[in-house]
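The exercises below are meant to be worked through with the sequence and the coordinates side by side. Each one sets a task and is followed by a solution in steps.

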Amino acid sequence: MHPSHFAAVVLFALFASTVFGITMRDTPPRMFRYGAYCFILFVGSAIVLSWVMFLIAR
Amino acid sequence: MSTTPNKPAASKASEKGFVYLPLIAGWLVPGAGHFLLGKWIRGALLAVSIIAMFALGLAMQGKLYTSAQDILDLLGVAGDLGGGLLYVVCRALGLGSQPVQTTVADYGTKFIVVAGLLNIIAAVDAHNLRTGRKS
């Protein structure tokens with residue numbers, strides 16, 4: 001199996017965010033919100049850092 | 001008027017049985033600690049997430065750490081051991097024994113380590129539910 005680097009980031013973020021959401025909050029709505037927050041931060045930071053590295057390498 | 005204090009269900013449950021059972025079960029089998037406490041949906045989501053992450057790591061030709069040559073390897077072994085029986089079974093079957101040769105395989109190795117670490121977090125969460133520290 002050879003997913004693209006972005007697919008690997010999305011899968012990693014999805015599973016890690018699910019566990020973070022369930023374990024770090026008490027109620028299902030708060031779990032969902034925190035999981036979504038972590039997912040966005042994971043993927044968003046990967047995209048931003050990718051662009052930073054791209055611009056540095058030019 | 002009754003003077004009996006209302007105890008939450010979790011604290012009532014914590015008064016009987018071996019208190020570390022969800023912690024140990026959750027470590028050995030992802031989600032099992034939550035299943036023991038009747039948290040079926042949480043347990044299922046944790047099990048699917050952790051097992052899928054571990055399996056994806058293996059599918060990407062990730063490596064299972066087997067011995068510690070330096071401190072980073074030692075940390076890798078510790079993370080992998082967090083997977084509990086997943087790690088033991090895969091070691092017994094000889095999975096994840098090939099050396100890392102591609103970038104994706106390196107990602108796979110990290111997937112396996114992080115799956116183990118997430119499993120430890122989930123097992124500790126089950127313990128907190130068991131002791132009533134979390135509802």
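**Exercise 1.** Within what distance do the axes of α1(A) and α4(B) come, and at roughly what angle do they cross?

*Solution.* The model is a predicted one, in which local features need pLDDT of at least 70 and side-chain atom pairs count only at pLDDT 80 or more, while totals for chains, interfaces and linings use all residues. Residues are numbered from 1 along each chain as its sequence is written, and chains are lettered from A and ligands numbered from 1 in the order in which they are written.

Step one is to fix the geometry: the axes of α1(A) and α4(B) come within 9 Å and cross at roughly 150 degrees, where axes are lines fitted to C-alpha atoms, for helices over the stretch in contact, and angles run from 0 to 180 degrees between N-to-C directions. Step two is to classify it: α1(A) is therefore roughly antiparallel to α4(B), a term for angles over 145 degrees, with angles under 35 degrees counting as roughly parallel. Step three is to list the residues, taking two as in contact if their C-beta atoms, placed from the backbone, lie within 7 Å: A:Leu11, A:Phe15, A:Thr18, A:Val19 and A:Ile22 in α1(A) meet residues of α4(B) that include B:Arg42, B:Ile50, B:Met53 and B:Leu56.

**Exercise 2.** Describe how α1(A) packs against α7(B), and name the residues of the contact.

*Solution.* The axes of α1(A) and α7(B) are 10 Å apart, and the packing angle is about 10 degrees, so the two helices are roughly parallel to each other. From α1(A), the contact uses A:Ala8, A:Phe12, A:Ala16, A:Val19 and A:Thr23, and from α7(B) it uses B:Tyr107, B:Phe111, B:Val114, B:Leu118, B:Ile121, B:Ala122 and B:Asp125. Sorted by class, these residues comprise 10 nonpolar, 1 polar and 1 charged, where Ala, Val, Leu, Ile, Met, Phe, Trp, Tyr, Cys and Pro count as nonpolar, Asp, Glu, Lys and Arg as charged, and the others, Gly among them, as polar.

**Exercise 3.** Which residues touch the most other members of the largest nonpolar core?

*Solution.* The core has 35 residues, and A:Val19, B:Ile50, B:Met53, B:Phe111, B:Ala115 and B:Leu118 touch the most other members. A nonpolar core is a set of buried Ala, Val, Leu, Ile, Met, Phe, Trp, Tyr and Cys residues joined through C-beta atoms within 7 Å. At least two core residues come from each of α1 (5-24) of chain A and α2 (21-28), α4 (40-59), α6 (85-93) and α7 (103-131) of chain B, and the largest share, 12 residues, is supplied by α7(B). Not counting residues up to four places away in sequence, B:Phe111 touches A:Phe12, B:Met53, B:Leu56, B:Gly57, B:Met60 and B:Gly62.

**Exercise 4.** Compare two loop residues of chain B, B:Gln61 and B:Gln98: where does each lie, and is each buried or exposed?

*Solution.* B:Gln61 lies in the loop between α4 and α5 (71-81) of chain B, and its phi is near 65 degrees, a positive value in a residue other than glycine. B:Gln61 counts as buried, with 20 C-beta neighbours inside 10 Å; the cut-offs are 20 or more other C-beta atoms within 10 Å for buried, 12 or fewer for exposed, and partly exposed in between, with C-beta atoms placed from the backbone. B:Gln98, found in the loop between α6 and α7 of chain B, is exposed, with 12 other C-beta atoms within 10 Å.

Methods
Helices (H or I, at least four residues) and strands (E, at least two) are DSSP runs, numbered from the N terminus. Angles under 35 degrees count as roughly parallel, over 145 as roughly antiparallel, 65 to 115 as roughly perpendicular and the rest as oblique.
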